[in-house]
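This report describes selected features of one protein model, covering strand pairing, buried loop residues and surface pockets. Please consult the sequence and the structure alongside the text.

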Amino acid sequence: MQFTANDISFILNGTIEGDPAVTIDQLAKIEEASTGSLSFLANPKYEPYLYTTNASIVIVNNDLVLTSPVKATLIRVENAYSAFSVLLEKYNTIKLNKTGIEQPSFVHPSAAVGQDCYIGAFAYIGPGVKIGNNCKIYPDTYIGDNVTLGNNVTLFPGVKVYFDCVIGTNVIIHSGAIIGSDGFGFAPQSDGTYDKIAQIGNVIIEDNVEIGSNTTIDRATMGSTIIRKGVKLDNLVQIAHNVEIGANTVIAAQTGISGSTKLGENVVLAGQVGIAGHLTLAKGTQAAGRSGIAKSIEGENEKWGGYPATPYHDYMRSQIVLRRLPQLEKKLLELEKIIAELRKGVH
């Protein structure tokens with residue numbers, strides 16, 4: 001699709017400097033843009049590119065003072081970065097705006113599908129499923145029996161949602177994610193074997209949640225594994241059975257949370273954090289990358305790091321000491337030699 005500078009200026013409530021009729025059909029970085037591209041300038045370090053770019057349109061801040069002639073048409077706005085983000089969202093919405101049911105796909109006769117939905121080829125929609133309006137179900141997606149999806153849900157290719165799970169509105173789940181697989185529940189037997197414990201609960205995902213590729217969220221043994229509103233999960237995150245993730249929590253890749261652990265609101269977990277089971281993390285807890293949390297954290301808005309996790313300032317001090325270990329070892333060996341020589345003198 002093509003847009004003119006006039007169209008873009010109207011969307012952003014901006015001011016045009018240059019040709020209002022110039023058209024663009026793609027978005028690009030200012031240093032890589034070609035003719036027909038739209039770009040933006042927000043970071044002063046990239047200002048030299050403004051005078052050499054081949055972009056047809058560049059969004060800039062109102063207060064930018066030009067120091068050389070510019071070939072591109074400029075659109076001045078209050079905040080170029082925010083304005084470009086708005087355009088990215090609109091571009092993405094247009095690009096992903098699909099409707100209709102592709103064939104071959106399977107939609108069970110008892111399933112209810114809302115208005116303006118898209119169901120891609122080879123998708124499976126099971127019995128009793130309820131899908132809200134404006135949902136996008138991409139190819140090779142599986143939606144099990146009695147699953148409920150709210151409005152504006154997007155399931156990208158290869159997402160699997162097991163039976164009885166509930167997904168709210170404005171939820172995005174990326175390719176390969178699995179929602180509602182069995183929790184890791186096995187009962188040890190006297191002969192050394194393990195008997196499987198049936199996992200009869202479900203997963204509830206509230207509104208405005210985004211879940212990354214190949215993330216897995218296990219169904220509860222009983223009750224629900226719950227992902228509260230506004231949560232953002234990165235790729236390759238493991239959420240075990242009966243976990244509860246508080247609202248607006250952010251979790252980075254390769255983090256694992258063991259069963260029945262409860263996270264408060266606005267928790268931030270960096271990459272590769274490991275959390276033991278049956279713990280509670282207070283509201284606003286932050287954990288540095290590769291932290292290992294083995295006990296509950298009761299104080300709100302505290303920062304932790306290390307394995308096992310300790311308060312962040314203690315963790316950083318220990319890292320300083322750790323870097324000095326070779327020097328400390330050398331001094332210790334020197335002291336041992338001095339002590340040995342002193343002992344010889346005594347005898």
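## Strand pairing

Two strands are taken to pair if DSSP finds at least two bridges between them. The model discussed here is predicted. Strand E26 (residues 216–218) and strand E29 (residues 238–239) meet this condition, with 2 bridges in the parallel sense. Within this pair, isoleucine 217 of E26 has isoleucine 239 in E29 as its bridge partner.

A further parallel pair is made by strand E24 (residues 202–205) and strand E27 (residues 224–227), which are joined by 4 bridges. Here valine 203 is matched with threonine 225 in E27. E27 also pairs with E30, again in the parallel sense, over 2 bridges. In that pairing, isoleucine 227 stands opposite isoleucine 245 in E30.

## The open sheets

One open sheet contains 10 strands with parallel pairing, in the order E9-E12-E15-E18-E21-E26-E29-E32-E35-E38. Its edge strands are strand E9 (106–107) and strand E38 (292–293), each of which pairs on one side only. E26 and E29, described above, stand next to each other in this order.

Another open sheet is formed by 12 strands in the order E8-E11-E14-E17-E20-E25-E28-E31-E34-E37-E39-E40, and its pairing is mixed. Strand E8 (100–101) and strand E40 (310–311) stand at the edges with a single partner strand each, so one side of each is left without a neighbour in the sheet. Inside this order, strand E14 (residues 136–137) and strand E17 (residues 154–155) pair in the parallel sense over 2 bridges. Isoleucine 137 stands opposite leucine 155 in E17.

## Buried residues in loops

Threonine 261 lies in the loop between strand E32 (256–257) and strand E33 (262–263). Its relative accessibility is 0%, so threonine 261 counts as buried, the limit being under 20% relative accessible area. The side chain of threonine 261 reaches the backbone oxygen of alanine 276 at 2.7 Å. A polar atom of the same side chain, that of threonine 261, also lies 3.2 Å from the backbone nitrogen of leucine 279. Leaving out residues up to four places away in sequence, threonine 261 touches Asn242, Val243, Glu244, Ile275, Ala276, Gly277, His278 and Leu279.

Valine 129 is found in the loop between strand E12 (124–125) and strand E13 (130–131). With a relative accessible area of 0%, valine 129 is buried. Valine 113, which is 16 residues away in sequence, is 8.1 Å from valine 129 in space, C-alpha to C-alpha. The contacts of valine 129, not counting residues up to four places away in sequence, are Ser110, Ala111, Ala112, Ile143, Gly144, Asn146 and Val147. Alanine 247 occupies the loop between strand E30 (244–245) and strand E31 (250–251). Alanine 247 is buried as well, at a relative accessible area of 9%. Glycine 230 is 17 residues from alanine 247 in sequence and 5.6 Å from it in space, C-alpha to C-alpha. Outside its own stretch of up to four places in sequence, alanine 247 touches Arg228, Lys229, Val231, Glu265 and Asn266.

## The largest pocket

The largest pocket holds about 370 Å³ of space. It is lined by 14 residues, and those closest to its centre are Glu89, Asn92, Thr93, Leu96 and Thr154. Helix H3 (residues 80–95) gives the largest share of this lining, with 3 residues. By class, the lining of the largest pocket divides into 4 nonpolar, 7 polar and 3 charged residues.

## The second largest pocket

About 230 Å³ of space lies in the second largest pocket. Among its 14 lining residues, Met1, Phe3, Lys90, Tyr91 and Ile94 lie nearest the centre. Two or more lining residues come from each of helix H1 (5–12), strand E4 (26–27) and H3. The largest share, 5 residues, is that of H3. The lining of the second largest pocket divides into 10 nonpolar, 1 polar and 3 charged residues.

Note on methods:
Residues are numbered from 1 along each chain as its sequence is written. This is a predicted model: local features need pLDDT of at least 70, side-chain atom pairs count only at pLDDT 80 or more; totals for chains, interfaces and linings use all residues. Side-chain values use heavy atoms; hydrogens and water are left out. On a 1 Å grid over the protein atoms alone, a cavity is a set of points where a 1.4 Å probe fits but cannot get out, and a pocket is an open set with protein on both sides within 12 Å along at least five of seven lines; lining residues have an atom within 4 Å of a point. Grid points are joined across faces, edges and corners, and a volume is the space filled by probe spheres set on the points. Ala, Val, Leu, Ile, Met, Phe, Trp, Tyr, Cys and Pro count as nonpolar, Asp, Glu, Lys and Arg as charged, and the others, Gly among them, as polar. Buried means under 20% relative accessible area, exposed over 50%, partly exposed in between (1.4 Å probe, protein chains only). Contact means heavy atoms within 4.5 Å. A polar contact is a pair of N or O atoms within 3.5 Å; within protein, one must be able to donate a hydrogen and the other to accept it, and residues adjacent in sequence count only if both atoms are side-chain atoms.
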